[in-house]
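Biologist: Before we talk about particular strands and cavities, could you take me through the reasoning behind each label as we go?

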Amino acid sequence: MSGENTGSVPVCTDLLERAEAWLAQDPDPETRDELSSIFEAVRGGDSAARADLADRFAGRLEFGTAGLRGRVEAGSNRMNRVLVSQAAAGIGAFLNARAGDTTPSVVIGYDGRKNSDVFARDSAELLSGVGIRVTLLPRPLPTPVLAFAVRQLGTSAGIMVTASHNPPADNGYKVYLGDEDAGSQIVAPVDAEIATQILRIATDESVLDLPRSPEYAIADEAVIDAYVRATAALIDQTPQPLRVVYTAMHGVGWETFARVVTAAGLPEPIAVAAQRDPDAAFPTVAFPNPEEPGALDLAIETAREHGADLIIANDPDADRCSVAIPDPAAPGGFRQLTGNQIGWLLGWRAAERARAAGRHGALACTIVSSPALAEVARQYQLDFAETLTGFKWVSRVPHLLFGYEEAIGYLVNPDTVHDKDGISAGLAVLEIAGAAAEEGRTLGDMLDEFATRFGYFGSDQLSIRFTNLAQIPALMARLRETPPALLGSREIVKIEDLSVATAERPGTNALRWELSDGARIMIRPSGTEPKVKFYLDVRGEDETVLESLVEIRADLTELVSE
């Protein structure tokens, strides 16, 4: 945290006072020492330390529908024991106020990231300290196990300490609600109500004075066993076994995924040994997200060594699932399927299962996912719903059979989990691939058949990253106020501003353009990164849809660079 010592850098008294007040209530010796070292450097005139301190206390990490997420460091704008304690106390105040004369209950889970177990135990003690019945899961486990436990244990709420597939230095905090919310993540206005309670506690009370109690329960193995049984039951008939390589991406997925697969009657996958066990340092990947370039390199190397038929990858908290299949034309001999392609196959599977069971229901995807799922629903005479991004919305679709988002998130088991679940999605992919193998076909063949049956769909994404965050609302404002009439040679025939709420969905900061050839472009700022994302979707009669994607991407790049 050092920089050039100028000897004359002014120190903002208010900034130091806020930082010192934070330090006085920090129960963590590591972050106390970290902040004390920065203080010393600032007082010595270190400009880099001064900028670092200002950034750490530039407000607070904002609590929203996705909870909290940030770097594990000292400061009110970071993830640490002070911030998490204030969040837990705020959630406790919200639950007690909501419960009235009854006693609320919470189940807490955590993954293998830095301080996940510490944040989980702090939360358990603080919630127990205000009279809430608390159950802590017994060890690091996948996020879908926690989402399942909210319903299995019938709790008022659930908390999961995880940063999912964020960079290694991050951690986070997600909140689920039970009762009528049935284990879905929180939505407005609950997020604002909890945030108000958190801010009140942060303003009025010291973390060291908050009531704590060690009187909370540790869940026994029955909860995990129930999740394994319920997930394994998703397979009706055991398909042909395949040679499958699995990577947990240094996360918590291996134990649970291996148990589910063997409970379903399939052979245990071949683990990528270097990535099998939880490791908060994520030593073999720069960014622990299966979608990132290079993230599957070790899995592909392992698959080549074992002559594997398939690669299944979970992100570190196992709520997302990626798939790669053999392809001699691809680098390394394996081709990673897109999130949309996996969604098409899983949606098709859900439609077939619904028809076989004589069951009616809905298929759903988010507004930035491929419109192909709507065609599947139409052909199978099922309902279709398009939701805002996030499984807090997908999981709430009435009579849901299957839902997905293009960012490799899938909900294949809505009867047991109301969130994306990379474990069950991986098992469902094994079922599809195994059934295809019995007929001498592959997942690649299934995608070809999908195109023949439902139409040729193509998807792509263009991301524009900004260093000046003010440029993001400026770009969105420009596209709203002076939208182009043409994109290359294609006319923009319809523009929809999704910031305007409708009876079907709340407003969101996004635009939808429809082009004269039927292509669609969705535009929205990222919720987690300093970028604006353009989601491209085309439909055609043959594989020339891929050429259209290339043209539209080039035209968009030129447009936004003007």
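Modeller: Let us begin with strand 10, from which Leu310, Ile312 and Asn314 point one way and Ile311 and Ala313 the other way, all of them buried. This is a predicted model, in which local features need pLDDT of at least 70 and side-chain atom pairs count only at pLDDT 80 or more, while totals for chains, interfaces and linings use all residues. Residues are numbered from 1 along each chain as its sequence is written, and side-chain values use heavy atoms, with hydrogens and water left out.

Biologist: What makes strand 10 largely enclosed by the rest of the structure?

Modeller: Buried means under 20% relative accessible area, with exposed over 50% and partly exposed in between, using a 1.4 Å probe and protein chains only. In strand 10 (residues 310–314), 5 of the 5 residues are buried, so the strand is largely enclosed by the rest of the structure. As for the two directions, in a regular strand side chains alternate between the two faces of the sheet.

Biologist: How do you know that strand 10 pairs with strand 8 and with strand 11?

Modeller: Strands are DSSP runs of E with at least two residues, helices are runs of H or I with at least four, and both are numbered from the N terminus; two strands pair if DSSP finds at least two bridges between them. Strand 8 (residues 244–247) is joined to strand 10 by 4 bridges and runs parallel to it, with Val244 partnered by Leu310. Strand 11 (residues 321–326) is also joined to strand 10 by 4 bridges, but the two run antiparallel, and here Asn314 has Cys321 as its bridge partner. Strands 10 and 11 form a hairpin with 6 residues between them, and Ala318 in the turn has a positive phi of about 60 degrees.

Biologist: Why is the space lined by Val244 and others called a cavity?

Modeller: On a 1 Å grid over the protein atoms alone, a cavity is a set of points where a 1.4 Å probe fits but cannot get out, and lining residues have an atom within 4 Å of a point. The largest cavity holds about 70 Å³, a volume being the space filled by probe spheres set on the points, which are joined across faces, edges and corners. Its lining includes Val244, Val261 and Leu430.

Biologist: What makes up that lining, in terms of nonpolar, polar and charged residues?

Modeller: Ala, Val, Leu, Ile, Met, Phe, Trp, Tyr, Cys and Pro count as nonpolar, Asp, Glu, Lys and Arg as charged, and the others, Gly among them, as polar. On that basis the lining of the largest cavity divides into 8 nonpolar, 2 polar and no charged residues.

How values were computed. On a 1 Å grid over the protein atoms alone, a cavity is a set of points where a 1.4 Å probe fits but cannot get out, and a pocket is an open set with protein on both sides within 12 Å along at least five of seven lines; lining residues have an atom within 4 Å of a point.
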